[in-house]
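Student: I should like to request a close look at a single part of this structure. Please explain it step by step, in one connected answer.

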Amino acid sequence: MSEKVLMKGNEAIAEAAIRANCKHFFGYPITPQNELPAYMARKLPKIDGGVFLQAESEVAAINMVYGAAGAGARVMTSSSSPGISLKAEGISYIAGAELPAVIVNIVRGGPGLGGIQPAQSDYFQATKGMAHGDFKLVVLAPSSVQEAVDLTMEAFDIADRYRNPVMVIGDGIIGQMMEPVEFKDIGADDLPEKDWITDGAKGREKNVINSLHLQPEDLEEHNWKLDRKYKEIKKNEVKYETENMEDAEIAIVAYGTTARIAKTAIKEARAEGIKVGLIRPITLFPFPEEVINQAADQVDSFLTVEMSTGQMVEDVRLAVNGKKPVEFYGRTGGMIPSPAEIVEQLKEVRG
Amino acid sequence: MEQIAGRPNALTDKEFHYCPGCTHGIVHRLVAEVIDELGVQEEAIGVAPVGCAVLAYEYFDVDMHEAAHGRAPAVATGVKRVHPDKVVFTYQGDGDFASIGTAESVHAASRGEEITAIFINNAIYGMTGGQMAPTTLEGQKTTTSPYGRDVDHAGHPIKMSEMLATLEGAAYVARVSVDSPKNIKKAKKAIKKAFEVQLAGEGFALVEVLSTCPTNWGLSPLEAIDWLQENMLPYYPLGEIKSKEEDK
């Protein structure tokens, strides 16, 4: 077992990627994720075959990722909200061409240039509307630096296993916060062989990395194939945490930093006699709809808390499917909900 | 009987989809012949553009990537940085290389990215049906410059080769044309050099190829050749714009 080290979230994610044998990183500066590429710039050139390259734009960076992933490398890029919007087109191509790649979004407030403070307002973008076409990203949402490390390492395995881009989504707090972390050896040893890469067609038929299917019959077949893959991911990769749900009458649904704040709020609320528990989605896609739907048979109501004007709450409502009321509390634009605010909301929900 | 002419190994048997009189086919063949002659078919990785040559990945018998519009130099950068010992090339049109992908073209050249870019300049957007390109000449009529390109309104046609030649990382820059057998021979020589420059690890290599688009120019194939010679050659002078002294 390796020892614990104190690290900032952004740097810990970078180190986790390197430990997962990611040797290629392409990025473009944007706050609040700059420590991540800076760490890669220091470390990767010292590793045999390691490449850090600062691209001329986010658009170029994601297309370098597309090239490197097609060429067979474990590859990562990181950015923050406006930069992810610029990468969206390339992410669609990566998903269409079924390439493994890991994209980190350290989310800041939007829309437009927005601000540079923590937010969760890219939930829709990450889970539904990233870019054109029928595709999905696997979206992993850590709520601590340790979890950011573990999920980043796992992200590369998931990407390779399903040949699909994976997003690690954190907010500015996850990126900037320092916590003790441990790098565990959690790599999978049953990943499929990459026999589709472009490394020169020596003694084999040529390989083509492509997302163009001009015949609608072909494209339809391709899209259903992708859909079957997403269904497989839904079956295998759902992750969530529950806390204090045994006797809960209210369930808070929150992810990332907000879930940690909710945990403090739950302690305070329970001290005041409110029976409340937490369901924390760790995978935003696939969304843990089953556990939420089952909880709807137990609790009286749900409170979704987000650092947005209400995005994940739509998925919570779909999962609850009308069984119980789903309330929402959000702060946005870089404002962070306090435990006291959440307790107030719980009192209102309880009535 | 001895075969004295044939299809290059680096081309598949797939029939080109190009219009009659279009010169893409000639340039495809030249690139494939060079790949054959340098013996790098098993080392080559190509990147196809968005534009008329979007299906180039079906024609070149080497590993290929299809890139988003304009992004081929970035995609090629990703490939080359993973496989620095392989031969990586892009094949792009003027909309791709000189308009939507200008930043990628400039910065790949500026970094001295060891890739070879084949840049087809036919002064028009072909695949989308004849719109104004960044390389459309002054006064040239297209569907989006129906009264002729007005430089006061739409700016001047861009000379990518001259511009990129100013960059330190660009090791080899040449403009050629495929309007005559003589010029086709010269074009092949330049394309070969552009691959050799990459093999020697000297930096970014670019060959701009003046080409015809009879369909969207509204001319017969022969008239299109005349139009290229009369209108494009004076504005886009041929020759090696940048080359190491000893190679000249």
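Student: Which residue is the bridge partner of A:Gly27 in strand 3 of chain A?

Tutor: The model is a predicted one. In it, A:Gly27 has A:Gln54 of strand 3 of chain A as its bridge partner. This bridge joins strand 2 (24–27) of chain A to strand 3 of chain A, and the two strands pair in the parallel sense over 4 bridges. Between them comes helix 2 (residues 35–43) of chain A, and together strand 2, helix 2 and strand 3 form a right-handed β-α-β unit.

Strand 2 of chain A also pairs in the parallel sense with strand 4 (residues 75–79) of chain A, over 2 bridges. Here A:Phe25 has A:Met76 as its bridge partner in strand 4. Along strand 2, A:His24 and A:Phe26 point one way, while A:Phe25 and A:Gly27 point the other way; all of these residues are buried.

The strand may next be placed beside the other chain. In total, 33 residues of chain A are in contact with 28 residues of chain B. Strands 2 and 3 of chain A are among the elements that each supply at least two residues of the side touching chain B. Helix 3 of chain A gives the most to this side, with 8 residues. By class, the side comprises 16 nonpolar, 12 polar and 5 charged residues.

Strand 9 (208–209) of chain A is another contributor to that side. It pairs in the parallel sense with strand 2 (residues 63–66) of chain B, over 2 bridges. In that pairing, A:Val208 has B:Met64 as its bridge partner.

Notes
Residues numbered from 1 in each chain as written. Chains lettered and ligands numbered in written order. Predicted model: local features only at pLDDT ≥ 70, side-chain atom pairs only at ≥ 80, totals over all residues. Contact = placed C-beta atoms within 7 Å. Nonpolar A, V, L, I, M, F, W, Y, C, P; charged D, E, K, R; others polar. Pairing = 2+ DSSP bridges. Buried ≥ 20, exposed ≤ 12 C-beta atoms within 10 Å, placed from the backbone. Right-handed = clockwise from strand over helix to strand, strands pointing away.
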